[in-house]
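Trainee: Could we go through this structure together, one question at a time?
Mentor: Happy to, so let's bring it up.

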Amino acid sequence: MGLAYSVVAKRNPQKPDEEYKYYACSQTKATIKLNKLADEISDGRTLTSVEIYGVIRALIRAIKGKLAEGYCIDLEDLGKLRYIISSEAAISKEACNAHYIKDVRLKFTPARYIKPNVADMEFDRVLPRQVQEEAARNYNEN
């Protein structure tokens, strides 16, 4: 089974008079919570899912703290995490200070090991989520 996608119509917000164009949009099957991930990792191992959950939670706290201190986190085969900022323009170098910062985002750069390669993937076209939900409601009503 491949990565699910649906086709959606979108208009260019900068050119509202142009016709809609159609784009493939990925659809996730569901969200995997941290405790389920810990269960999957512990399957057949010496550590219990509770111990793995604790380690993952500690990892998250450590990553958050080090990112806040300005470090880039290298998770090796997973990728790298770092904060990036967006700011408004200042009239001079001296005038530019923290008040010009308007957003901080988390940047993830996947490692080659995990980075998706479209040539190696399979794709399954599905109905848009809204259509799926409406069909499910109609099915449940009958």
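Trainee: Is E133 buried, partly exposed or exposed?
Mentor: Keep in mind that this is a predicted model. E133 has its place in helix α3, which covers residues 129-141. Its relative accessible area is 43%, and the class in between runs from 20% to 50%. Therefore E133 is partly exposed.

Trainee: What separation do the C-alpha atoms of E133 and L106 have?
Mentor: Along the chain, these two residues are 27 residues apart. In space, the distance between the C-alpha atoms of E133 and L106 is 31 Å.

Trainee: Now to another residue: is S6 buried or exposed?
Mentor: S6 lies in strand β1, residues 3-10. A residue counts as buried under 20% relative accessible area. The value for S6 is 2%, so S6 is buried.

Trainee: Which residue has a side chain in polar contact with that of S6?
Mentor: Leaving out residues up to four places away in sequence, S6 touches Y23, A24, C25, Q27, V126, L127 and P128. From that list, pick the residue whose side chain is joined to that of S6 by a polar contact of 2.9 Å. The partner is Q27.

Trainee: In what order do the strands of the open sheet come?
Mentor: The sheet has 3 strands, and the pairing is antiparallel. Its edge strands, each pairing on one side only, are β3 (73-74) and β5 (101-110). The order is β3-β4-β5.

Trainee: Which residue in β4 is the bridge partner of D74?
Mentor: Strand β4 spans residues 79-87 and runs antiparallel to β3, with 2 bridges joining them. For D74, the bridge partner in β4 is K80.

Trainee: Which helix packs on the sheet?
Mentor: Look for the helix that touches β3, β4 and β5. Its direction makes about 40 degrees with that of β4. Residues 49-68 form this helix, α2.

Trainee: How is α1 oriented relative to α2?
Mentor: Helix α1 (residues 34-42) packs with α2 at an angle of about 125 degrees, and their axes are 8 Å apart. That angle falls outside the roughly perpendicular range of 65 to 115 degrees and is not over 145, so α1 is classed as oblique to α2. In a word, the orientation is oblique.

Trainee: Is the crossing of α1 and α2 left-handed or right-handed?
Mentor: The contact involves residues of α1 including L34, A38 and I41, and residues of α2 including I52, Y53 and I56. As for the hand of the crossing between α1 and α2, it is right-handed.

Notes: Residues are numbered from 1 along each chain as its sequence is written. This is a predicted model: local features need pLDDT of at least 70, side-chain atom pairs count only at pLDDT 80 or more; totals for chains, interfaces and linings use all residues. Side-chain values use heavy atoms; hydrogens and water are left out. Two strands pair if DSSP finds at least two bridges between them. Helices (H or I, at least four residues) and strands (E, at least two) are DSSP runs, numbered from the N terminus. Contact means heavy atoms within 4.5 Å. Axes are lines fitted to C-alpha atoms, for helices over the stretch in contact, and angles run from 0 to 180 degrees between N-to-C directions. Buried means under 20% relative accessible area, exposed over 50%, partly exposed in between (1.4 Å probe, protein chains only). A polar contact is a pair of N or O atoms within 3.5 Å; within protein, one must be able to donate a hydrogen and the other to accept it, and residues adjacent in sequence count only if both atoms are side-chain atoms. Angles under 35 degrees count as roughly parallel, over 145 as roughly antiparallel, 65 to 115 as roughly perpendicular and the rest as oblique. A crossing is left-handed if the near helix is turned anticlockwise from the far one by less than a right angle, and right-handed if clockwise.
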